[in-house]
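I opened a fresh page for this protein. My plan is to look things up one at a time and write down what I find.

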Amino acid sequence: MTRTMRAKAGSDAPEPRIRARNKERILNAAVTLFADKSFHGTHVKEIALASGLPKTNVYYYFPTKESIYAAVIERLIAGWDRAFEHIVTEREPRDAIAAYIRAKLEYSRRHAAESRFFANEILRGAQFLERRQRQHIRDVTAQRAHVVEEWIRRGQMAPVDPRHFFIMLWSATQFYADFGALAADVLEKRRLTRKDFDAAAETMTRVILDGCCTPSRRSR
């Protein structure tokens with residue numbers, strides 16, 4: 001290929017911002033369809049229609065439906081990883097766990113379809129969750145479990161099983177996404193608002209931290 005031909009081919013490629021925006025549109029459309037209809041029940045043409053992009057554009061960014069599905073899973077795992085960054089030994093456990101609870105609830109509020117999608121994937125046997133993704137989840141959880149163990153060793157937390165502790169936090173925070181309609185019904189409203197998520201964070205934080213954490217050094 002000549003230099004002129006390479007330059008022309010390069011000019012046909014979308015700009016990075018356009019690429020990122022289009023990929024986001026595709027993934028946002030796909031996750032809702034996957035959550036509602038499963039992988040097998042969803043077609044690429046439906047994803048294209050929901051995203052507002054031509055089907056050829058969808059295939060330009062994602063060569064197969066499987067690659068779209070995998071990208072949605074990767075995006076969710078990355079979001080959960082960011083929330084886990086609050087759990088570090090340098091922080092007081094009360095502050096770190098409170099921040100983690102709020103981060104997980106905020107993720108549930110902003111990405112409810114993504115959370116439901118992943119819950120459905122697990123309920124269907126996690127057939128599309130790759131071995132390396134499973135191992136990544138185990139590894140990251142183990143790293144944060146070591147932080148909890150260190151807090152316990154220091155006498156800053158009650159002796160709880162770290163992994164069961166995180167499972168409890170996941171089930172509580174993700175409930176507001178996976179079963180948002182039920183939560184709204186119990187709260188006697190049509191849909192959950194940011195205020196409801198803030199109230200949930202306050203309640204969870206108070207109950208969980210008062211039950212397992214010693215007062216922070218600042219409050220002594």
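**Entry 1: an odd backbone angle**

In which helix is the place of S38? I looked, and S38 sits in helix α2, which covers residues 16-41. I note here that the model is a predicted one.

Next I checked the backbone of S38. Its phi is near 75°, a positive value in a residue other than glycine. Most residues other than glycine have a negative phi. That is my reason for writing this one down.

Is S38 buried or exposed? The relative accessibility of S38 is 13%, so S38 counts as buried, the cut-off being under 20%.

I then turned to E188. It is not a glycine either, and its phi is positive, at about 60°. E188 is in the loop between α10 and α11. With 74% relative accessibility, E188 counts as exposed. So my two entries on positive phi read like this: S38 is buried in the count, whereas E188 is exposed.

**Entry 2: the whole protein**

I stepped back for the overall picture. How many helices and strands does the protein have? I found 11 helices and 0 strands. Along the sequence the pattern reads α-α-α-α-α-α-α-α-α-α-α.

I looked up the extent of the C-alpha trace. It spans about 70 × 45 × 30 Å along the principal axes.

Then came burial. The protein has 220 residues, and 40% of them count as buried. The exposed surface is about 13000 Å². Carbon and sulfur atoms supply 54% of that surface.

I also asked about contacts across the sequence. Among contacts with a separation of 6 or more, 70% are between residues 24 or more positions apart.

Last, the charges. I noted 39 positive and 27 negative charges. The mean positions of the two sets are 5 Å apart.

**Entry 3: salt bridges**

How many salt bridges does the structure hold? The total is 12. I followed a few of them.

I started with E150. It forms a salt bridge with R153, and the closest N and O atoms are 2.6 Å apart. Why can these two meet? E150 and R153 are 3 residues apart in helix α8, so about one helical turn separates them. R153 is exposed, at 61% relative accessible area.

E150 has another partner. Its side chain also meets that of R154 in a salt bridge, at 3.0 Å from N to O. R154 counts as partly exposed, with 39% relative accessibility.

I went on to D196. D196 pairs with K189 in a salt bridge, with 2.9 Å between the closest N and O atoms. Here I compared the partners. D196 counts as buried at 12% relative accessibility, whereas K189 counts as partly exposed at 34%.

One more item went into this entry. E24, R75 and E114 are linked in a network of salt bridges.

**Entry 4: a buried leucine**

I picked L209 in helix α11. Its relative accessible area is 3%, so L209 is buried.

Which residues does L209 touch, not counting those up to four places away in sequence? I listed R94, I97, A98 and M204.

I also took a distance from L209 to I26. They are 183 residues apart in sequence. In space, C-alpha to C-alpha, they are 39 Å apart.

**Entry 5: out on the surface**

Which residues form a nonpolar patch on the surface? I wrote down F179, L182 and V186. Together they have about 310 Å² of accessible area.

I looked at V186 in particular. V186 lies in helix α10, residues 180-186. It is exposed, with a relative accessible area of 61%. The cut-off for exposed is over 50%, so V186 passes.

**Entry 6: a loop residue**

My last lookup was Q127. Where is Q127 found? It is in the loop between α7 (112-123) and α8 (131-153). Helix α8 is also where I found E150 and R153.

Q127 counts as exposed, at 52% relative accessibility. I still found contacts for it. Leaving aside neighbours within four places in sequence, Q127 is in contact with H40 and E121.

Notes. Residues are numbered from 1 along each chain as its sequence is written. This is a predicted model: local features need pLDDT of at least 70, side-chain atom pairs count only at pLDDT 80 or more; totals for chains, interfaces and linings use all residues. Side-chain values use heavy atoms; hydrogens and water are left out. Patches are made of residues with over 30% relative accessible area and no salt bridge: like charges are joined within 9 Å, nonpolar side chains (Val, Leu, Ile, Met, Phe, Trp, Tyr) within 5 Å. Accessible areas come from the Shrake-Rupley method with a 1.4 Å probe; for residues, only the protein chains shown count as cover. A salt bridge is a side-chain nitrogen of Lys or Arg within 4 Å of a carboxyl oxygen of Asp or Glu. Helices (H or I, at least four residues) and strands (E, at least two) are DSSP runs, numbered from the N terminus. Buried means under 20% relative accessible area, exposed over 50%, partly exposed in between (1.4 Å probe, protein chains only). Contact means heavy atoms within 4.5 Å. Lys and Arg count as positive and Asp and Glu as negative; His and the chain ends are not counted. The place of a charge is taken as NZ of Lys, CZ of Arg, CG of Asp or CD of Glu.
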